[in-house]
Amino acid sequence: MTNETTAVALVSGGLDSMVAAAMAREAGHRLLMLSIDYNQRHYLEIAAARRIAHALGAARHVVLPIDLTAFGGSALTDAIDVPKEGVGEGIPVTYVPARNTVFLSLCLAWAEATGARDLYIGVNALDYSGYPDCRPEFIAGFEALAELATKAGVEGDRFRVQAPLQFMTKADIVREGTRLGLDLGMSWSCYDPAPGGLHCGLCDSCRLRAKGFAEAGVADPTAYAASPGAA
């Protein structure tokens with residue numbers, strides 16, 4: 001039986017997914033949170049995801065291990081240096097092949113098993129690194145796929161892929177997290193953690209994070225190993 005009050009939120013441990021999950025909670029959903037431990041370089045985000053799940057009162061938090069280093073093909077899952085020169089044009093080497101397709105498929109499976117019909121993901125297509133699986137076309141395409149690929153979908157009980165940050169800038173996201181009363185410092189964004197559990201300050205994700213706080217006029221609680229440059 002469909003439980004319209006339950007949502008499955010994909011929570012990486014990053015700022016965006018934290019805010020998206022909090023928005024799901026504000027919308028009145030009972031939260032099931034899914035985090036994927038894919039043996040990523042920035043493993044500290046899993047600890048952040050656990051903190052976020054506790055802080056948001058998740059009914060259940062599943063950390064699912066899937067070792068994507070077996071495939072490689074990304075600076076996050078292979079012996080490829082994380083770029084530190086600033087956010088450039090095109091799709092960067094930190095793109096993990098089909099990552100959000102894989103992760104949303106797992107969210108979909110859990111949602112169908114539990115009767116949830118809302119899937120929350122913290123992607124945005126304004127201040128981001130150009131990943132194809134963060135774009136509105138991808139979200140719409142996956143929602144259409146879910147209708148065809150599930151028992152619930154083919155029987156007319158459709159799933160909704162909620163991407164509430166889709167058209168927000170990082171500054172908008174910081175403001176929204178502040179409005180929601182979140183401790184944004186418990187999130188983790190860095191792709192290449194520095195010794196001592198610090199954000200490196202120079203990877204794309206650190207630069208975009210720092211830019212968001214600066215443009216929002218909100219004090220950045222992040223400890224960086226190096227001062228982030230202009231994104």
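These legends go with views of a predicted model of one protein chain.

**View 1. The whole protein chain, from one element to the next.** Seven helices and five strands make up the fold of the protein chain. If you trace the elements from the N terminus, you will meet them in the order β-α-β-α-β-α-β-α-α-β-α-α. The C-alpha atoms fill a box of roughly 50 × 40 × 30 Å along the principal axes. A compact globule of 231 residues would have a radius of gyration near 17 Å, and the protein chain agrees because its own value is 17 Å.

**View 2. Inside and outside of the protein chain.** Of the 231 residues, 52% are buried. Now look at contacts between residues at least 6 apart in sequence: 71% of these join residues at least 24 apart. On the outside, the accessible surface is about 9,900 Å², and carbon and sulfur atoms account for 55% of that surface. The protein chain carries 19 positive and 26 negative charges, and the mean positions of the two sets lie 4 Å apart.

**View 3. A closer look at helix H7.** Helix H7 covers residues 204-216. Its 13 residues should span 18 Å at 1.5 Å a residue, and the end C-alpha atoms agree because they are 18 Å apart. Just after H7 comes Gly217, with a positive phi near 70 degrees.

**View 4. What surrounds helix H7.** Ten of the 13 residues of H7 are buried, so the helix is largely enclosed by the rest of the structure. Among the buried residues are Cys206, Leu208, Phe213 and Ala216, along with the charged residues Asp204, Arg207 and Arg209. Helix H1 (15-26) and helix H6 (170-179) are among the elements that cover the buried residues of H7.

Methods: Residues numbered from 1 in each chain as written. Predicted model: local features only at pLDDT ≥ 70, side-chain atom pairs only at ≥ 80, totals over all residues. Heavy atoms only, no water. Helix = DSSP H or I, 4+ residues; strand = E, 2+ residues; numbered from the N terminus. Rg over C-alpha atoms; globule rule 2.2 N^0.38 Å. Buried < 20%, exposed > 50% of the residue type's maximum accessible area, 1.4 Å probe, protein only. Contact = heavy atoms within 4.5 Å. Areas by Shrake-Rupley, 256 points an atom, 1.4 Å probe, with all protein chains shown as cover. Charge placed at Lys NZ, Arg CZ, Asp CG, Glu CD. Expected span 1.5 Å × (residues − 1).
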